[in-house]
Amino acid sequence: VARIGRLSTKGSVLLLCDIQEKFRPTIFQFTNIVSNAARLLQACRILSIPQILTEQYPKGLGPTVPELGAEGLKPHTKTSFSMLTESVESALKSLGDPQQVILCGIEAQACIACTTYDLVERGMEVHIVADAVSSRSQTDRLFALSRLKQSGAFLTTTEGVLLQLVQDAKHPNFKEIQKLLAHPSPDTGLLAFFSSL
């Protein structure tokens, strides 16, 4: 069966990549990226989708930003660009090896790219939430997204993920998810991506 990228609450995991303090002044659209990632995290908590958080060299790049709302998640620290460290691998195993990954964070051309390549190589389905992913440069961000699409990742948006996960207004958690959608996602400069296609 061809993979069409339909998300499901069963067998999915949310990966939150390196949303840390030192990136705050330099990442394009940082505030909006974090706000979208925070909504994804809230939705996954409501829908009981497990979440895994990494921090890249926190001694130098600082802790995860508080507005992500990730308290209670123990960060997996790393120096590699891929999130698939030994401790993340064992966390995935303990979750029963989920086959669908919802991926967001920083930076598109580095840790998001390396993580995606590793996951796709393992035959996992990767959903990159484009309006919750960024880089220091908008050029790097847009080219990375284009490149990752070529490698077989699905590009989506925060709202797209939330609605796909509930699938029906009769879903028992729909009202809670609907509250997260009360305000449309802010424009994070992705229109440039589509005008370049």
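Buried means under 20% relative accessible area, exposed over 50%, and partly exposed in between, using a 1.4 Å probe and protein chains only. Keep that in mind as you start, because Q167, with a relative accessible area of 47%, is partly exposed.

Before you click further, note that this is a predicted model, in which local features need pLDDT of at least 70, side-chain atom pairs count only at pLDDT 80 or more, and totals for chains, interfaces and linings use all residues. Residues are numbered from 1 along each chain as its sequence is written, and side-chain values use heavy atoms, with hydrogens and water left out.

**Stop 1: the annotated stretch**

Select residues 12-159. The UniProt annotation "domain: Isochorismatase-like", from an unreviewed entry, covers these residues; UniProt positions are given in the numbering used here, feature names are shortened, and annotations may be inferred rather than shown by experiment. Over residues 12-159 the chain is 40% helix and 24% strand, and the end C-alpha atoms are 17 Å apart. Helices (H or I, at least four residues) and strands (E, at least two) are DSSP runs, numbered from the N terminus.

**Stop 2: strand β2 and its partners**

Now select residues 51-56, which form strand β2. Is this strand enclosed or open? Six of its six residues are buried, so β2 is largely enclosed by the rest of the structure. Turn the view to see both faces: Q51, L53 and E55 are buried on one side, and I52, T54 and Q56 are buried on the other.

Add residues 12-17, strand β1, which runs parallel to β2 and is joined to it by four bridges. Two strands pair if DSSP finds at least two bridges between them. To find one of these links, look at L14, whose bridge partner in β2 is Q51. Then add strand β3, residues 76-78, which also runs parallel to β2, with three bridges joining the two. Here Q56 stands opposite K78 of β3.

**Stop 3: helix α1**

Select residues 30-46. This is helix α1, which makes a right-handed β-α-β unit with β1 and β2. A crossover is right-handed if, with the strands pointing away from the viewer, the path from the first strand over the helix to the second runs clockwise, so you can orient your view that way and follow the path.

How far apart are the end C-alpha atoms of α1? They are 24 Å apart, which agrees with the 24 Å that its 17 residues should span at 1.5 Å a residue; the expected span is 1.5 Å times one less than the number of residues. The buried residues of α1 include F30, I33, V34, L40 and L41. After the helix comes S48, with a positive phi near 60°.

**Stop 4: two cysteines**

Show the side chains of C17 and C111. Why is there no bond between them? The sulfur of C17 is 4.7 Å from the closest cysteine sulfur, in C111, which is too far for a bond. A disulfide is a pair of cysteine sulfur atoms within 2.5 Å, and the structure holds zero disulfides. C17 is buried, with a relative accessible area of 0%, and C111 is buried too, at 5%.

**Stop 5: helix α4 and the loop before it**

C111 is one of the buried residues of helix α4, residues 108-121; A108, I112 and L119 are also among them. The buried residues of α4 pack against β1, β2, β3, β4 (100-106), β5 and α5 (138-150).

Step back to E107, in the loop between β4 and α4. A cis peptide bond joins I106 and E107, with omega about -15°. Just after α4, G123 has a positive phi of about 85°.

**Stop 6: H127**

Select H127 in strand β5, residues 125-134. This residue is buried, with a relative accessible area of 2%. What is H127 in contact with, leaving aside its neighbours within four places in sequence? Its contacts are G5, L7, Q100, V101, I102, L103, F154 and T156. Contact means heavy atoms within 4.5 Å.

**Stop 7: loops and the later helices**

D97 lies in the loop between α3 (86-94) and β4. Its phi is near 50°, a positive value in a residue other than glycine, and D97 is partly exposed at 41%.

Finish with Q167, in the loop between α6 (158-166) and α7 (174-180), where phi is positive, near 65°. G160 is found in α6 and counts as partly exposed at 24% relative accessibility. For a last distance, the C-alpha atoms of G160 and Q178 are separated by 12 Å.
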